[in-house]
Each structure stands twice: as C-alpha cells, then as structure tokens.
Amino acid sequence: TAIGAVASAFLGAYAATQSDSPLSYLHQYQIWWAGNWLGVLVVLPVVFGWVVPNLRNLYPELRLRSRIDLVLLTVAVAACTKYVFSAAPGGAISLLQLPIILVGLLVFAAFRLPPRWAATLAMLAALIGAELASQRIGPFVVADPFVRLIQVQMFLASLVLIPFLFTMFIAEMRIAMNRLVESEGRYRNFVEHSNEAVWRVELEQPMSVSMPVVEQRKWLEQYA
C-alpha cells in the first residue's frame, strides 16, 4: 500500500502543481503520498471486515453482540468528531474538545464492537474530520498549509490505526480464550464420562510406536 501510494503520488503532485497551488512539487508529493496511503488505511480494514462473511460463521466472537451499543457508539463518535473539529482558532474550550478524547472513544468502541464495526466507526470519524478540516476549522490551525495538512493526515491515520489494532488484538484474544475453554471442556468431558481408565505416561526419551510390544515394555520400565 505504501509503494502504491508512492507511485500514484508522482502523477497527483504533478497535476496539483499545474493549478494555482502555492505549494511546491515536493510538498505536493508528500501530501499526495500521505493522503493516498491514509485513504488505503481507512478503507482497507472496512473492506476486509465486510467481504469475508465466512469468518463470522467460523468465529462467533466476530459477530455483533448488541445493536444498542452500535447505535449509541455511532451517535457518540459522530457527535464527538463534530465537536472536536469545531474548536475555535483560539483552542479547545473544554477537555472534551481535545483530539485525544476522540481517540479514546474509538478505542472504547474497539472493546465493545467486533472489528468490522470498529473499523467502520473509525472510517466515519475520519471522513467527518477530513470534511471539517477541509473547511479550515478544527484543532489544527497552523498558518502553514503544508504543516496543517500533514498534521490532519497524521491525526486521522492514528484515529484509524490505533482502534483497528486494538480491536484485532481483542478479537484474537477472545477467539483464543474461547478455544482454550472449549478444548478444556472436551477433555474434561472425555475424562469424566469415560468407562475406561485413563493413564498419562511421561517418557524421558521418545519411544517409537513401531517397536515390538516386548521392547516397548522394557523401554517403559527404563524411561517412563
């Protein structure tokens, strides 16, 4: 994805310099590269989460557990993004208007929602933030347009990547823990309902199962 963004940035930066943009080709190239890569990072988790339905059939942990949580978090993320990016040029008027609050809300959503929904909410926040930032409002009000664009893109990238990493880690942990519980349950059920004795033998040296029975007994007497 990074290499693809680098390749496409050559053409995008050239087209941008043919307009009335005050930025140089080098600045335009960096902006196009970061913007294209950011676009891939925003869209790719959402696409991956929605186009592979078999994963949700194989792993119940990836299914949506509460529609109420989804609705409440969607409204909260949209409202929080709008509030954070409506900060006046003088700065935030409260702690709730700091950008870190939006990141924290998306991390909380990563704990409550499966990866595909957490990634979708992060993309929603990035789209709203990008639209408001293009209107030159929000917490990033640096006079230099190049620095401002880089700041916005870096923030939106962290806004998407941090929750996505959290939700993937949590999903993998839940899947692994549930598989351990199921495995332990099957083993316990087998032992409790078995009509025959269950022996556990540890060997200091491995024994070949192709050995004759007499030699196996001698091996067990020596190494078991």
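Which residue forms a salt bridge with Arg179, and how many Å apart are the closest N and O atoms? The partner is Glu182, and the closest N and O atoms are 3.7 Å apart. The setting of this pair is described below, after an outline of the chain as a whole. The model is predicted.

## Overall fold

The chain contains 8 helices and 0 strands. Followed along the sequence, its pattern reads α-α-α-α-α-α-α-α.

The radius of gyration of the chain is 27 Å, whereas a compact globule of 224 residues would have one near 17 Å. The C-alpha trace spans about 90 × 40 × 30 Å along the principal axes of the chain.

## Burial, surface and contacts

Of the 224 residues, 31% count as buried. The chain exposes about 14,500 Å², and 67% of this area is supplied by carbon and sulfur atoms.

Contacts can also be sorted by how far apart in sequence the two residues are. Among contacts between residues at least 6 apart in sequence, 63% join residues at least 24 apart.

## Charges and salt bridges

The chain has 16 positive and 14 negative charges, and the mean positions of the two groups are 9 Å apart. In the whole structure, a search finds 5 salt bridges.

One of these salt bridges joins Asp69 and Arg112, with 2.6 Å between the closest N and O atoms. Asp69 belongs to helix H4 (residues 67-84) and Arg112 to helix H5 (residues 99-112), so this pair ties together parts that are 43 residues apart in sequence. Asp69 counts as buried, because its relative accessibility of 18% is under the 20% limit. Arg112 has a relative accessible area of 39% and is partly exposed.

## Salt bridges of Arg179 and Arg200

Arg179 and Glu182, the pair named at the start, both lie in helix H7 (residues 145-192). They are 3 residues apart, which is about one turn of the helix. Arg179 is partly exposed, with a relative accessible area of 27%. Glu182 is partly exposed as well, its relative accessible area being 41%. The pair also belongs to a network of salt bridges that links Glu61, Arg179 and Glu182.

A further salt bridge is formed where the side chains of Glu202 and Arg200 meet, with an N to O distance of 3.2 Å. Here Glu202 is exposed, at a relative accessible area of 56%. Arg200 is exposed too, with a value of 72%.

## Gly129 in helix H6

Is Gly129 buried or exposed? Gly129 counts as buried, with a relative accessibility of 0%. This residue is found in helix H6.

Apart from neighbours within four places in sequence, Gly129 is in contact with Thr81 and Phe85. From Gly129 to Thr81 the C-alpha distance is 6.4 Å, although the two residues are 48 apart in sequence.

## Pro139 between helices H6 and H7

Pro139 is placed in the loop between helix H6 (115-134) and H7. Its relative accessibility is 27%, and Pro139 therefore counts as partly exposed.

Which residues does Pro139 contact, leaving aside its neighbours within four places in sequence? They are Val84, Phe85, Ala87 and Pro99. For one of these, Ala87, the separation from Pro139 is 52 residues in sequence and 5.6 Å in space, taken C-alpha to C-alpha. Phe85 appears among the contacts of Pro139 and also among those of Gly129.

## Glu192 and Phe169

Glu192 lies in helix H7. With a relative accessibility of 57%, Glu192 counts as exposed, because the limit for an exposed residue is over 50%.

Glu192 and Phe169 are 23 residues apart in sequence, and their C-alpha atoms are 34 Å apart in space. For Gly129 and Thr81, in contrast, a separation of 48 residues in sequence goes with 6.4 Å in space.

How values were computed: Residues numbered from 1 in each chain as written. Predicted model: local features only at pLDDT ≥ 70, side-chain atom pairs only at ≥ 80, totals over all residues. Heavy atoms only, no water. Helix = DSSP H or I, 4+ residues; strand = E, 2+ residues; numbered from the N terminus. Rg over C-alpha atoms; globule rule 2.2 N^0.38 Å. Buried < 20%, exposed > 50% of the residue type's maximum accessible area, 1.4 Å probe, protein only. Contact = heavy atoms within 4.5 Å. Areas by Shrake-Rupley, 256 points an atom, 1.4 Å probe, with all protein chains shown as cover. Lys, Arg positive; Asp, Glu negative; His and termini not counted. Charge placed at Lys NZ, Arg CZ, Asp CG, Glu CD. Salt bridge = Lys/Arg side-chain N within 4 Å of Asp/Glu carboxyl O.
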